[in-house]
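Colleague: I have the model open on my screen and would like to know how its labels were earned. Could you take me through the reasoning?

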Amino acid sequence: MRDYIVRATAAGNQIRAFAATTRDLVETARAAHNTSPVATAALGRLLTAGAMMGVMMKGDKDLLTLQIKAGGPLNGITVTADSKGNVKGYVGNPNVLLPANKNGKLDVAGAVGVGLLNVIKDLGLKEPYSGQTILQTSEIAEDLTYYFATSEQVPSSVGLGVLMEKDNTVKQAGGFIIQLMPFAEEAVISKMEKNLSGITSVTGMLEKGYTPEAILETLLEGMEIEYNDRLSTRFYCNCCKERVAKALISVGRKDLKEMIDEGKEVELNCHFCNRNYIFDVQELKELYTLSK
């Protein structure tokens, strides 16, 4: 199954809902960063959330950034997404290894630690929108549920999951975001809460072969779902040598001259996709000329 996100409404537009399957994009991130299982789970959850939150934006150039800054050994997570289903991200320490938690699962909360969640939306306005909340559980889904309720005043339920294979590749990944509109009736709220109480895990549903549509049909059973959209989603980094060259030029002529005088090639790394770009002395000289 290819990765994709579905957008839907239910109960006569009283609910809006998103669900995604993201196995391929999380595996792409794992392979790019060579993340440990617990780092893959944490990054994969935030990538999945970022992909769904990204498609909530409407403008072609809108950008979303999710940052977790916390004191755990993972050393934070950064994810960015656009409105077209493209998402990328990285963790501060991809090699974290921790014992399983008390439930025998990957200890994402222990890896993340205590800290803050920042949500930044660049919607082409003078100033980007920025919201910040304290991490509630550091399991990521519950932290985003809390963020939506406190920073955006939208009662929501967020579910995220990543399941690993024994060879530490990604077996399943996906998630959902269910949101109540301000005019939601009490009966609709009660029905949704009852449906949600029966859900054990996202990966459990994916393991049973549930599609994003089937996940929403389970979550919103008896609530007249209308599907609005189905969008592909992928791990995608827009870095290239030309963009990195512009960044090199921006360091200034003095620093470029020092690099040239050292007579060695310069290697720069993209945090998001872990790709390396090498500039030899001749290329550095050309950039030095362009920097005039």
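Colleague: Let me start with a cysteine. Why is Cys237 called buried?

Modeller: In this predicted model, the relative accessibility of Cys237 is 10%. Buried means under 20%, so Cys237 counts as buried.

Colleague: And how do you know that Cys237 is in no disulfide?

Modeller: The nearest cysteine sulfur belongs to Cys270 and is 3.6 Å away. A disulfide needs the two sulfur atoms within 2.5 Å, so the pair of Cys237 and Cys270 does not qualify.

Colleague: What about Cys239, is that residue buried or exposed?

Modeller: Cys239 has a relative accessible area of 14%. That value is under the 20% cut-off, so Cys239 is buried. Its nearest cysteine sulfur, that of Cys273, lies 3.4 Å away. Since the limit is 2.5 Å, Cys239 is in no disulfide. A search of the whole structure finds zero disulfides.

Colleague: Thanks, that is clear. What makes a group of residues a nonpolar core?

Modeller: The members must be buried residues of the nonpolar kinds on the list, joined through side-chain atoms within 4.5 Å. The largest such core here has 66 residues. Met53, Ile68, Leu74, Ile77, Val112 and Ile140 touch the most other members. Helix α2, residues 37–54, gives the largest share, eleven residues.

Colleague: Which residues does Val112 contact, leaving aside its neighbours within four places in sequence?

Modeller: Val112 is in contact with Ala42, Ile68, Ala70, Gly71, Gly72, Leu74, Ile77, Leu135 and Ser138. Apart from the largest core lies another core, of 24 residues, among them Met192, Leu196, Met205 and Leu216. As background, nonpolar side chains in soluble globular proteins tend to be buried together.

Colleague: On to the open spaces. How much space lies in the largest pocket, and which residues are closest to its centre?

Modeller: About 790 Å³ of space lies in the largest pocket. It is lined by 27 residues, and the closest to its centre are Arg45, Lys105, Leu160, Thr200 and Ser201. Strand β8 gives the largest share of the lining, eight residues. The elements that give two or more residues are α2, α4 (141–151), β8 (156–164) and α6 (202–207).

Colleague: How do the residues of that lining divide by character?

Modeller: The lining of the largest pocket has 13 nonpolar, ten polar and four charged residues. For the second largest pocket, the lining divides into five nonpolar, four polar and seven charged. That second pocket holds about 300 Å³ of space. Its lining has 16 residues, and Leu63, Thr80, Asp82, Lys88 and Asn238 lie nearest its centre. Strands β3 (63–70), β4 (77–82) and β5 (86–91) each give two or more residues to this lining.

Colleague: Back to single residues. Why is Ser157 called buried?

Modeller: Ser157 has 15% relative accessibility, which is under 20%, so the label is buried. Ser157 lies in strand β8. Not counting residues up to four places away in sequence, Ser157 touches Thr145, Phe176, Ile177, Ile178 and Leu196. From Ser157 to Gln179 is 22 residues in sequence and 6.6 Å in space, C-alpha to C-alpha.

Colleague: What makes Gln153 exposed?

Modeller: Its relative accessibility is 57%, and exposed means over 50%, so Gln153 counts as exposed. Gln153 is found in the loop between α4 and β8. Its phi is near 50°, a positive value in a residue other than glycine.

Colleague: Which sign of phi is usual for such residues?

Modeller: Most residues other than glycine have a negative phi. Ala11 also has a positive value, near 55°. This residue is found in the loop between β1 (4–10) and β2 (15–21). At 14% relative accessibility, under the 20% cut-off, Ala11 is buried.

Colleague: Last one. Why does Asn228 count as partly exposed?

Modeller: Asn228 has 47% relative accessibility. Partly exposed is the range between the 20% and 50% cut-offs, so Asn228 falls in that class. Asn228 lies in strand β10, residues 226–232. Leaving aside neighbours within four places in sequence, Asn228 is in contact with Arg7, Ala8 and Thr9. The C-alpha atoms of Asn228 and Ala17 are separated by 9.9 Å, with the two residues 211 apart along the chain.

Technical notes. Residues numbered from 1 in each chain as written. Predicted model: local features only at pLDDT ≥ 70, side-chain atom pairs only at ≥ 80, totals over all residues. Heavy atoms only, no water. Buried < 20%, exposed > 50% of the residue type's maximum accessible area, 1.4 Å probe, protein only. Helix = DSSP H or I, 4+ residues; strand = E, 2+ residues; numbered from the N terminus. Contact = heavy atoms within 4.5 Å. 1 Å grid on protein atoms, 1.4 Å probe; cavity = no way out; pocket = protein on both sides within 12 Å on 5 of 7 lines; lining within 4 Å. Points joined across faces, edges and corners; volume = space filled by probe spheres on them. Nonpolar A, V, L, I, M, F, W, Y, C, P; charged D, E, K, R; others polar.
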